[in-house]
Amino acid sequence: MINFVTSNKGKHIEAQAILGDLVQKDIGYVEIQADTLEEVALYGMKEVAARLQGPVMLEDAGLFVEALQGFPGVYSAYVQKTIGNAGILRLMEGQENRLAYFKSVVAFAEPGLGTVMFSGEVHGQIGFEPRGKKGFGYDPIFYVGDESLAEMDLEKKNQISHRAGSMRALKKWLDSR
Ligand code: IMP
C-alpha cells in the first residue's frame, strides 16, 4: 500500500485509477521555489519520507504555455490560486499561439531505497473560454482537440493526461521489480 501525499482529491482519484490501492495523506509539505518540477518533488520527498513509514509518493505538476515562455510552469499552483483560469485567458487575449502542455513528475520512495522519479506530458491548447465541469484546476481551459480536459470523464482524461503518463511509468517500474 502506497501513501500518496496530496491535498488534491482529484489527483488522488486519477492516480488511484492507475495504481490501485493508494492511501491519500493530506499532510502538507514544503514546496520550494525552484526552476523545475523535479527539484520541487525531490525536495518535498526528503521531508515526506522522513515523516511517513513505508512506501510513499508525491506528485508535482505544472502548466507550461508557449506564448508565455512557459509561464505559469513551476508557479502553477500560486497562479491558479490568485488569477485563476480567467487570469490566464486574459493574459492570452490577442495571442494566436495557444500551444501549451501539462507536465507531471511523480516521486516514489520507500525505506532503504533512494527516490525514483517519472514524468509525463500532455500537449494541447489554451482555449478561448472555459468549458466543462469535471476535473480540477486548469482543466476547463486546456483543450486536446475539440474537448477541454474538464469535459472528459476520468477514463478519457486518464488515457491521455500528463499524470496518467507519469503514474503508468511508475506502475511499470513497480511491476517490473
Ligand atoms: P500541484 O502539482 O498541485 O502543485 O499543481 C499545480 C497547479 O496545477 C495546481 O493549481 C493544480 O490545480 C494544477 N494542476 C495540476 N494538475 C492538473 C490537471 O491535471 N489539470 C488541471 N490543472 C492541474
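This passage walks through a predicted model of a protein chain with a bound ligand, starting with the overall fold and ending at the ligand.

Taken as a whole, the protein chain is built from six helices and seven strands. Reading from the N terminus, these elements come in the order β-α-β-α-β-α-α-β-β-β-β-α-α. The radius of gyration works out at 16 Å, close to the 16 Å that the globule rule gives for 177 residues, so the chain is as compact as a globular protein of that length. Along the principal axes, the C-alpha atoms take up a box of roughly 50 × 30 × 25 Å.

The loop between β3 and α3 has a couple of backbone details to look out for. One of them involves P72, which lies in this loop: the peptide bond joining F71 and P72 is cis, with omega at about 0°. Q69 also has its place in the loop between β3 and α3. Its phi is near 55°, which is a positive value in a residue other than glycine.

Now for the ligand. The space it takes up is the largest pocket. Three elements, β3 (56-65), α3 (76-82) and α6 (162-175), each give two or more residues to the shell around the ligand. So β3 and α3, the two elements on either side of the loop that holds P72, turn up again here as contributors to the shell. By type, the shell residues split into five nonpolar, four polar and seven charged.

There are 16 residues around the ligand, and those that come nearest are K11, A61, D139, K157 and R163. Two of these, D139 and K157, also supply polar side-chain atoms at short range: the one from D139 lies 2.6 Å from a nitrogen atom of the ligand, while the one from K157 lies 2.9 Å from an oxygen atom of the ligand. H162 joins in as well, with an N or O atom of its side chain 3.1 Å from a ligand oxygen atom. As for how much of the ligand is covered, its accessible area on its own is 480 Å², and the protein covers 90% of that.

Definitions and conventions. Residues numbered from 1 in each chain as written. Predicted model: local features only at pLDDT ≥ 70, side-chain atom pairs only at ≥ 80, totals over all residues. Heavy atoms only, no water. Near = heavy atom within 4 Å. Polar contact = N/O pair within 3.5 Å; in protein donor to acceptor, adjacent residues only side chain to side chain. Areas by Shrake-Rupley, 256 points an atom, 1.4 Å probe, with all protein chains shown as cover. 1 Å grid on protein atoms, 1.4 Å probe; cavity = no way out; pocket = protein on both sides within 12 Å on 5 of 7 lines; lining within 4 Å. Sits in = over half its atoms within 2 Å of the grid points. Helix = DSSP H or I, 4+ residues; strand = E, 2+ residues; numbered from the N terminus. Nonpolar A, V, L, I, M, F, W, Y, C, P; charged D, E, K, R; others polar. Rg over C-alpha atoms; globule rule 2.2 N^0.38 Å.
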